[in-house]
Amino acid sequence: MRLFKKEPKAEQLKVIIIGAGEVGYHIAQRLTRENKQVVVIDQQPEALKRVAEALDVQTIQGSGSSPVVLHDAGAEEADIILAVTDSDEINIIACLFANIISPDSTKLARIRNEEYSLYRDALAKDILNISMLINPEVEVVKNIDRLLSLPGAVDYSEFAGGRIRMVGMRICSGPLAGIRLMNFRTVVPDGDVIIAAIVRNDELIIPTGMDEIRADDVVYFVCTESSLEAVRSVVAALEDPIQSALIIGGGNIGMRLASLFERKGYHTKLIDKDEARCGVLAEKLNSTLVLYGDGTDQDLLREENAGTMDAVISLTSDEETNILCSLLAKNMGVRKTVARINKVAYQPLVRAIGIEHSVSPRLSAVNSILHYIRKGKVLSSVAIRGEEAEVMEALAEEQSEVVGTPLHKLSFPKGALILAMVRGDDVVIPSGDTVIEPMDRILILSTRQAVSDVEQALMVKLKAY
């Protein structure tokens, strides 16, 4: 075991990350940007070298399932321990020893094996005291379902049990193109709709009244469920709902997605180039038509009338194959394509070549983990277009800074906006005179640079006596 030490930073949240793969790396990257104290454990020196050279973290070479390694990493003082290696067994054993060494720390584990998931409650509560079991495959299927469930959306999230929706729409034409935000209400008089952010050429803009919406912008609207149709109407995104889909890639994600589509009543086809796997899929799926072949074979796609499908979702383990399949489908006239892209660095590139929708199991896992890391009563957290901004759903506690002061007088961090809140059964789109009350659920948009300050504003302030 080798230990690479850096001086710890005082009064910081301490996070131990077991696993320096894509998930571990990107969580560490985000946390170090927020000046949190991070320790990364991995058995592979190459993975640790990448982390150590790029990030201001402490790295330890060894197995995270070793109590000695956990002790050397300072698990006793850790606030959060994340076990996100590619091995379910290592993650489970790491949490077992972490629970012995540091029973009060928050523990999260990445678990993909369906057999372990059957014992989720026992693992989480009775045995390991794990706050959350994360299955990236399940999370990415949820993301695809959200993307396809709202025609015309390029991004879609729900908060407060679905009472608040955030939807990203590309502005191609319509009355919003060319309008300044100060005049937004002349086009959308619905008071339950607010513009949260604008993405222009992959640059995030936190808008002011003087900002102008331009053609090809992706505009993020926050609204209630009843206001969704008003948003879709004003951006001319009135596509018909998805009724048919072609899935390329019959791995665990592809099979899960096909099962979901069957339950939704979609006409579904699934292509996989492994003949034995096709046999397994045919056994486990009911109404899905399973096809043995290569998803990049144009003749096969034409033969199966891929161009008439409402959506083509490419989910193979090879990113280049998924990109090619999506481009072929778009060329055939498919109106919605989704590509599985594992490497975060590829995300802007695929958008540049015309693939609007991409999903990443690793990024889905990161989003699932984030709200457990946040200080204050953060209930959920979703990144916008990569890692430049984050939308947090939080509970306003009585002694936090955000409670009891009109918003226009609130000293809220620059780069952060309070978008909406839920009080009882009511959704409130706030104005400057709105006062947040204890136990309100508030939705906050924050740039990466402002996240730490937002956390401080959400935390309970101790009274001096």
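A residue is taken as buried when its relative accessible area is under 20%. In the predicted model described here, Cys-223 has a relative accessibility of 1% and therefore counts as buried. Cys-95, also at 1% relative accessibility, is likewise classed as buried. As a disulfide requires two cysteine sulfur atoms within 2.5 Å, the position of Cys-223 was examined with respect to its closest cysteine partner. That partner is Cys-172, and because the two sulfurs are 18 Å apart, the separation is too great for a bond. Under this criterion, the count of disulfides in the model is zero.

Helix H2, which spans residues 45-54, contains the buried residues Ala-47, Leu-48 and Val-51. When the helix is viewed down its axis, the buried residues of H2 fall within an arc of 95 degrees, and they therefore line one face of the helix. Glu-46, Lys-49 and Glu-53, by contrast, are exposed on the other side of H2. The cover over the buried residues of H2 includes contributions from helix H1 (22-33), together with strand E3 (37-42) and strand E4 (58-61).

A buried position is also found in strand E17, which comprises residues 336-340 and includes Thr-337. The relative accessible area of Thr-337 is 4%, so this residue is buried. With residues up to four places away in sequence left out of account, Thr-337 touches Val-312, Ser-326, Ala-329, Lys-330 and His-357.

The largest pocket of the model encloses about 850 Å³ of space. Its lining is made up of 35 residues, and those lying nearest the centre of the pocket are Asn-143, Arg-146, Ser-157, Asn-367 and Val-382. Two or more lining residues are given by each of helix H7 (136-149), strand E8 (153-159), helix H14 (347-352), strand E18 (357-359), helix H15 (361-373) and strand E19 (378-384). The most is given by E8, which supplies six residues to the lining of the largest pocket. In terms of residue class, the lining of this pocket consists of 12 nonpolar, 13 polar and 10 charged residues.

Conventions:
Residues are numbered from 1 along each chain as its sequence is written. This is a predicted model: local features need pLDDT of at least 70, side-chain atom pairs count only at pLDDT 80 or more; totals for chains, interfaces and linings use all residues. Side-chain values use heavy atoms; hydrogens and water are left out. Buried means under 20% relative accessible area, exposed over 50%, partly exposed in between (1.4 Å probe, protein chains only). Helices (H or I, at least four residues) and strands (E, at least two) are DSSP runs, numbered from the N terminus. Contact means heavy atoms within 4.5 Å. On a 1 Å grid over the protein atoms alone, a cavity is a set of points where a 1.4 Å probe fits but cannot get out, and a pocket is an open set with protein on both sides within 12 Å along at least five of seven lines; lining residues have an atom within 4 Å of a point. Grid points are joined across faces, edges and corners, and a volume is the space filled by probe spheres set on the points. Ala, Val, Leu, Ile, Met, Phe, Trp, Tyr, Cys and Pro count as nonpolar, Asp, Glu, Lys and Arg as charged, and the others, Gly among them, as polar. The arc is that of the directions from the helix axis to the C-beta atoms.
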